[in-house]
Amino acid sequence: WQYLACKVWQEGCEEEKEQEQRESNWGFPLVGQDYLEILSAWYCSFGKCCETGDCRIINNIAGLEADLSEQLHGQHLAKEVVVQAVQGFLQSPRRQKALVLSFHGWSGTGKNFVARLVASHLYRDGLKSECVRVFVSLLHFPHHNYVDSYKAQLQRQVRETLQRCRQALFIFDEAEKLHSSLLDAIKPFMAHHDNKGQADHPRSIFLFLSNLGGNTINEVALEFWRAGRAREEISMELLEQRLRLELQEAAESSYAHSHLLRENLIDFLVPFLPLEFQHVKLCARDAFLARGLPYTEATLDEVAQMMVFVPKEEKLFSAQGCKSVPQRINYFLP
C-alpha cells in the first residue's frame, strides 16, 4: 500500500525511497512491482491522479494509426500526414514550435472525426480532457462587436491550458470564420520559441478545421477520375500546392490571409478528398455496427443511394460526405 500510495500521490515519499535504497532486502520483488504498476495505472484510469492531468496523457500513436486505417474511409492522404506529423512531433527531442495542422475539405469528409480520434488517442479522457480545448467560431465568438473581449478570453484560456498541461491540444472548428484579431491573439502560441531543446517546454498541437479549399480538392479528384487514375495516386505535393493557391485567392477569409499562412506557421495543409459511393457504404456499415444492428449489402446500397451525388453529369461525390448517414439508417429500423 505504501508503494502504491507513493506511485499515485507522490507526496512525502522521499524518505521512504531513501530507506528502500538502504534496505534493499525489504523491497518488493520485481514481479510484485510490475503488478503494482498495473494497479496504479488502473487507479488512474478511474480518477485524476495528478494536479496537472499529465498522468492521463497516453499518446497511443499505434491505436491512432489503426483506427484511422479502419474507420476513416477514402482519405489516404489525411491518414498518412496526421499520423506521421503527430508521431514525429511527440518523439522529437527538440520542439521549437507548436505543431499546427490545417484540415481542408467538404463537410462530412472526416475532419471533425479525425480531430476526435487524435484527442481520444493522445488523452485518456479524449475531448473531455483538461488538456484539450475545442473552439467553434460561430458558437464561441459569434459577435464581431465583442472581438476584443473574445481575444482576451481566448489568450487566457490557451495560456491556462499550457500552464496546466505539459501537452495541450487546441481544436478550432470553422476556422475560416475566425476574426483576424483572434488569429493574431493565438499566433504567439504557435510561433517559434528559443528553448534550446528543453524537453520540459509545453508541447502544443493546434488543429484548424475549414471548408476552404474544398472546391480545389474536388476538382483534382475529378480530374484524376476522368483520366482513369485511382484517387490513391493523388499526391500530397500536388494538392497542398493547389490548396495554397486557392487560399491566397480567398479574398473574404481572414484565415486564408492570416499570419499563419504568410509566416509559414501552419506545418501541413491536410486535404480531405470528396467521398464516393463505396465510401458512403462503408460509413453506413460503421453506423450499423456502432448501434449493434444487422445489415446486408443491399441495405448498405440503399443507404448510399439516399444521398445526393455531384457533379450532375457524373454523380461521383457525395455532396454531404458521410455526415447524415447515421440518421439515414433510422429508415431501416424494424
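Reader: What makes the link of cysteine 283 and cysteine 322 right-handed?

Author: In this predicted model, the torsion about the S-S bond of cysteine 283 and cysteine 322 is 85°, and the link is right-handed.

Reader: How do you know that cysteine 283 and cysteine 322 are joined by a disulfide?

Author: Their sulfur atoms lie 2.1 Å apart. The cut-off for a disulfide is within 2.5 Å, so the pair qualifies. Cysteine 283 sits in helix H13, while cysteine 322 belongs to the loop between strand E7 (317-318) and helix H15 (325-328), 39 residues apart. Both cysteine 283 and cysteine 322 are buried.

Reader: How many disulfides does a search of the whole structure find?

Author: The search finds two disulfides. Besides the pair just discussed, cysteine 131 is joined to cysteine 165, with S to S 2.1 Å.

Reader: Why is the disulfide of cysteine 131 and cysteine 165 called left-handed?

Author: Its torsion about the S-S bond is about -85°, so the disulfide is left-handed. Cysteine 131 lies in the loop between helix H6 (111-122) and E2, and cysteine 165 in the loop between helix H8 (147-164) and E3, so this pair ties together parts 34 residues apart in sequence. Cysteine 131 and cysteine 165 are both buried.

Reader: Now to the rings. Why is the pair of phenylalanine 135 and phenylalanine 172 called stacked?

Author: The planes of phenylalanine 135 and phenylalanine 172 are 20° apart, and the centres 5.0 Å apart. Planes under 30 degrees apart count as stacked and centres must lie within 6.5 Å, so this pair meets both conditions. The pair links distant parts of the chain, with phenylalanine 135 in strand E2 (residues 132-136) and phenylalanine 172 in strand E3 (residues 167-173), 37 residues apart. Both phenylalanine 135 and phenylalanine 172 are buried. They also belong to a cluster linked by ring pairs, whose members include Phe141, Tyr146, Phe170 and Tyr255.

Reader: How many aromatic pairs does the count come to?

Author: Eleven aromatic pairs. One of them is formed by phenylalanine 103 and phenylalanine 272, and it is tilted.

Reader: What makes the pair of phenylalanine 103 and phenylalanine 272 tilted?

Author: The angle between the planes is 55°, with 5.3 Å centre to centre. Stacked needs under 30 degrees and edge-to-face over 60, so 55° leaves the pair tilted. Phenylalanine 103 is in strand E1 (residues 99-104) and phenylalanine 272 in the loop between strand E5 (268-271) and helix H13 (277-290), so the pair ties together parts 169 residues apart in sequence.

Reader: Is phenylalanine 103 buried or exposed, and how do you know that?

Author: Phenylalanine 103 has 0% relative accessibility, and the cut-off is under 20%, so it counts as buried. Phenylalanine 272, at 0% relative accessibility, counts as buried too.

Reader: And serine 204: how do you know that it is buried?

Author: Serine 204 has a relative accessible area of 6%, which is under 20%, so it is buried. Serine 204 is placed in strand E4 (residues 203-210). Leaving aside neighbours within four places in sequence, its contacts include Phe89, Leu162, Phe170 and Phe189.

Reader: Lastly, why are H4 and H5 called roughly antiparallel?

Author: Helix H4 (residues 61-71) and helix H5 (residues 76-91) pack at about 175°, with their axes 10 Å apart. Angles over 145 degrees count as roughly antiparallel, so the two helices earn that description. Where they meet, Ile61 and Leu68 are among the H4 residues, and Val82, Val86 and Leu90 among those of H5. By class, this contact has six nonpolar, two polar and two charged residues.

Methods: Residues numbered from 1 in each chain as written. Predicted model: local features only at pLDDT ≥ 70, side-chain atom pairs only at ≥ 80, totals over all residues. Heavy atoms only, no water. Axes fitted to C-alpha atoms, helices over the stretch in contact; angles between N-to-C directions. Helix = DSSP H or I, 4+ residues; strand = E, 2+ residues; numbered from the N terminus. Parallel < 35°, antiparallel > 145°, perpendicular 65-115°, else oblique. Contact = heavy atoms within 4.5 Å. Nonpolar A, V, L, I, M, F, W, Y, C, P; charged D, E, K, R; others polar. Phe/Tyr/Trp six-rings, centres within 6.5 Å; stacked < 30°, edge-to-face > 60°. Buried < 20%, exposed > 50% of the residue type's maximum accessible area, 1.4 Å probe, protein only.
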